[in-house]
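Grab your viewer and work through these exercises one at a time. Try each before reading on.

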Amino acid sequence: MKKIQKGESGYLDYKKKIEILRTTIYFIIVAIIFAIGYIETGIRLNTMTVIAVLGCLPSAKALVGVIARMPYSSTSQKIVQEVNEKAPHITKVYDLILTTREAIMPVECIVISGETIFGYTSNQKVNLEHLSKHIKEMMSQNNLSYSTIKFFHNYQAFLSRAEGLESIAVVEKLDTKELEQQRKNLLLQLSM
């Protein structure tokens, strides 16, 4: 299985598979440790049982990661292909799950050009104003400037904005990759 980096298309599905595999292995190890202790002593009250119980802690933590990611899947390849065709020169980030204390907000795609950020989420439960406000606050806390941060539920509106950013980037030919990378890194840090 090819490793997919956070922010690349397919990351959520890849991460789910890895988390499920890791969780399964952890619980199998716990079961083996318990079985070895029970077979050797004939009773379950032994040192190996204590070790198995302690082994449940990392196993449960891994299970929480599986449960948290389970409702979300990677961005469809149709969307990825279309965004890559319409905006090949600007920075793109896919498959994010941004979290605050109040909400979990899945975002399929974000495009970044200079200090402008546009994002798309198909999840109608995501409060777009809350999401934009959260990103603006995080940018300010990390001393990163921004001009526009806007998210869309409407894919066509998002795609036309991404295409507009691409046109501006091609015409102006400014080297903003470092600025965009800083903003991308912050978004990746904020995502699960």
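**Exercise 1. The sheet**

What is the order of the four strands in the open sheet, and what kind of pairing do they show?

Keep in mind that this is a predicted model. Step one: trace the strands across the sheet, and you get S1-S2-S3-S4, with mixed pairing. Step two: look at the edges. S1 (91-99) and S4 (148-152) each have a single partner strand, so one side of each is left without a neighbour in the sheet. Step three: check the twist. On average, neighbouring strands here are turned by 25° against each other, direction ignored.

**Exercise 2. S1 and its partner**

Work out how S1 and S2 are connected and paired.

Start with the link: four residues make up the hairpin that takes S1 into S2. Next, the pairing: S1 and S2 (residues 104-113) run antiparallel, with eight bridges between them. Now pick out individual pairs. Leu98 has Met105 as its bridge partner in S2, while Tyr94 sits opposite Cys109 of S2. Finally, is S1 mostly covered or not? Mostly covered: of its nine residues, eight are buried.

**Exercise 3. A helix on the sheet**

Find the strands that H3 touches, then sort out its buried and exposed residues.

First, H3 (residues 77-86) packs on the sheet and touches S1, S2 and S3 (116-120). Its direction makes about 135° with that of S1. Second, the buried residues of H3 are Ile79, Val80 and Val83. These three span an arc of only 100° around the axis, so they lie on the same side of H3. Third, flip to the face turned away from that buried side: there you'll find the exposed residues Gln77, Lys78 and Glu85.

**Exercise 4. The cores**

Which residues have the most contacts inside the largest nonpolar core?

Step one: that core has 21 residues, and the best-connected ones are Leu96, Ile110, Leu131, Ile135 and Phe151. Step two: ask where its members come from. S1, S2, H4 (128-141), S4 and H6 (177-190) each supply at least two, and H4 gives the largest share, five residues. Step three: zoom in on Ile135. Leaving aside residues up to four places away in sequence, Ile135 touches Leu98, Ile149, Phe151, Leu187 and Leu190. Step four: look for another core. There is a second, separate one of 16 residues, with Val80, Ile90, Phe118 and Phe158 among them. Val80 should ring a bell, as one of the buried residues of H3.

Key:
Residues numbered from 1 in each chain as written. Predicted model: local features only at pLDDT ≥ 70, side-chain atom pairs only at ≥ 80, totals over all residues. Heavy atoms only, no water. Pairing = 2+ DSSP bridges. Axes fitted to C-alpha atoms, helices over the stretch in contact; angles between N-to-C directions. Contact = heavy atoms within 4.5 Å. Buried < 20%, exposed > 50% of the residue type's maximum accessible area, 1.4 Å probe, protein only. Arc of directions from axis to C-beta. Core = buried A, V, L, I, M, F, W, Y, C linked by side-chain atoms within 4.5 Å.
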